[in-house]
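Please look through the sequence and the structure shown here before reading on. The report below takes up the strands, a helix, the cores and one buried side chain in turn.

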Amino acid sequence: MNASIRFDRPHRATRRAMLLGGLGAALLPAWATAQAKPLVEVWKSPTCGCCGDWIRYLEANGFRTKVFDEGNVKKRAAMGVDLRYGSCHTAVVGGYAIEGHVPAREIKRLLRERPVAIGLAVPGMPIGSPGMDGPEYAGRKDPYEGPLMAKDGRASVFQAYA
């Protein structure tokens, strides 16, 4: 046994370790919450106001966003979204394409159910959809459907809105 090891002195770093551990524990909930929010990457025109409204809507509904103000034509094509489902912005979340003003509830459902698909769309820019529901529309709501786009080119209604 090594006689030079002394057990009678308290460890000097104990107080520092406790403080740092406490600080880490205090920051953990904020870090975990940020990591729990899915990241939605959005490609849009730099001048599109309704795209900005949709992005703010997503953030208010539990998503993180990263925005690319370079248009969405190339990203839409890269994700395999047929032009008939096109809208003013294209997003990617969890490997899925999100084309247009898709409601947060359906994006969360898509991520929960994880179907084999390209993603979801709200073709065009229907009045009353998220981002197209500002005061300038005076509460007007057009009925619309949100198709689930399959990889074989077919689509089925994921959610309809009256």
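In which sense do strand 1 and strand 2 pair, and over how many bridges? Strand 1 (residues 39-44) and strand 2 (residues 64-68) are parallel and are joined over 5 bridges, where two strands count as paired if DSSP finds at least two bridges between them. Between these two strands the chain passes through helix 2, in a β-α-β crossover that is right-handed, a term for a path that runs clockwise from the first strand over the helix to the second when the strands point away from the viewer. Strand 1 also pairs with strand 3, in the antiparallel sense.

This is a predicted model, in which local features need pLDDT of at least 70 and side-chain atom pairs count only at pLDDT 80 or more, while totals for chains, interfaces and linings use all residues. Residues are numbered from 1 along each chain as its sequence is written, and side-chain values use heavy atoms, with hydrogens and water left out.

Two residues of strand 1 and those that stand opposite them are set out here.

| Residue in strand 1 | Opposite residue | Strand of the opposite residue |
|---|---|---|
| Valine 40 | Threonine 65 | Strand 2 |
| Valine 42 | Alanine 91 | Strand 3 |

Helices (H or I, at least four residues) and strands (E, at least two) are DSSP runs, numbered from the N terminus. In helix 4 (residues 104-113), the buried residues are Ala104, Glu106, Ile107 and Leu110, buried meaning under 20% relative accessible area and exposed over 50%, with a 1.4 Å probe and protein chains only. Seen down the axis of helix 4, these residues fall within an arc of 165°, so they line one face of the helix. The face turned away from this buried side carries the exposed residues Arg105 and Arg112.

The largest nonpolar core, a set of buried Ala, Val, Leu, Ile, Met, Phe, Trp, Tyr and Cys residues joined through side-chain atoms within 4.5 Å, has 21 residues, and Ile107, Leu110 and Leu120 are among those with the most contacts inside it. Apart from it lies another core, of 9 residues, including Met79 and Tyr85.

Glutamate 99 lies in strand 4 (residues 96-100), and it is buried, with a relative accessible area of 0%. Its side chain makes a polar contact (a pair of N or O atoms within 3.5 Å, one able to donate a hydrogen and the other to accept it) with the side chain of arginine 76, at 2.9 Å.

Methods
Arc of directions from axis to C-beta.
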